[in-house]
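Work through these exercises with the predicted model open. Try each task before reading its solution.

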Amino acid sequence: MTGGNTQHQGDSQGEVTHVRVEVERVLAEAERRERAAHQRVRFWSVTDIALGFPAAVLAGLSGAAGLASPDARVPAALMALVSAGFSAGAGFLRSDVRRAANRRSRLAWAEVEAGARLLLAQETLLDREAIQEALRNLFDSRTRAIAIHTENASDGIPS
């Protein structure tokens, strides 16, 4: 009888090990994808500022130069053209939209990461049904995170 009980505990331990391996795999994926989304958020934030700020400054300078004297009209027109180019580039790239989309993706992967860490911390305290429910929830949040990234791509917003 003791041997049967030991076998059951061994099976349970093996199941916990398989669960731990799978949760650690999901955790590693979530960390990697969250980090990548964070880097994309930073890139698109810098791009948004790099295009928007010079456009605003040049637009103001060209207006001031155009009003200052009739001789400054050509430089003012050139600054206005460059400003329009920066504005058009910002509009074409939609860096603000891409930054927001990657921020949503980053938050979704952070949720997956938190769920995986919580499950790893609690796995020894949970019974089999609770572990299965926690795994379902973890995979549901992973599916949502993938869907958010896919939704961004299907809206024509590449990373």
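**Exercise 1.** Find which residues L138 touches, leaving out those up to four places away in sequence.

*Solution.* Select L138 and look for heavy atoms within 4.5 Å. Skip residues up to four places away in sequence. The contacts are V23, V26, V112, G115, A116 and L119.

**Exercise 2.** Place L138 in the largest nonpolar core, and find which helices supply that core.

*Solution.* Start with the membership: this core has 15 residues. Next, rank them by contacts with other members. V23, V112, L135 and L138 touch the most. Then turn to the helices. α1 (2-68), α3 (95-122) and α4 (128-154) each supply at least two residues. The top contributor is α3, with six residues.

**Exercise 3.** Locate the aromatic pair, classify its geometry, and decide how each partner is covered.

*Solution.* The structure holds one such pair. Its partners are F43 and W44. The ring centres lie 4.8 Å apart, and the planes meet at 80 degrees. Planes over 60 degrees apart count as edge-to-face, so this pair is edge-to-face. Now check the cover. F43 has 49% relative accessibility, so F43 counts as partly exposed. W44 has 8%, so W44 counts as buried.

**Exercise 4.** Identify the residues of the nonpolar surface patch of about 410 Å², then decide whether I49 is buried or exposed.

*Solution.* The patch is made by I49, F53, V57 and L61. Take I49, which sits in helix α1. Its relative accessible area is 56%. Exposed means over 50%, so I49 is exposed.

Definitions and conventions: Residues numbered from 1 in each chain as written. Predicted model: local features only at pLDDT ≥ 70, side-chain atom pairs only at ≥ 80, totals over all residues. Heavy atoms only, no water. Core = buried A, V, L, I, M, F, W, Y, C linked by side-chain atoms within 4.5 Å. Buried < 20%, exposed > 50% of the residue type's maximum accessible area, 1.4 Å probe, protein only. Helix = DSSP H or I, 4+ residues; strand = E, 2+ residues; numbered from the N terminus. Phe/Tyr/Trp six-rings, centres within 6.5 Å; stacked < 30°, edge-to-face > 60°. Patch = residues over 30% accessible without salt bridge, like charges linked within 9 Å, V, L, I, M, F, W, Y side chains within 5 Å. Areas by Shrake-Rupley, 256 points an atom, 1.4 Å probe, with all protein chains shown as cover. Salt bridge = Lys/Arg side-chain N within 4 Å of Asp/Glu carboxyl O.
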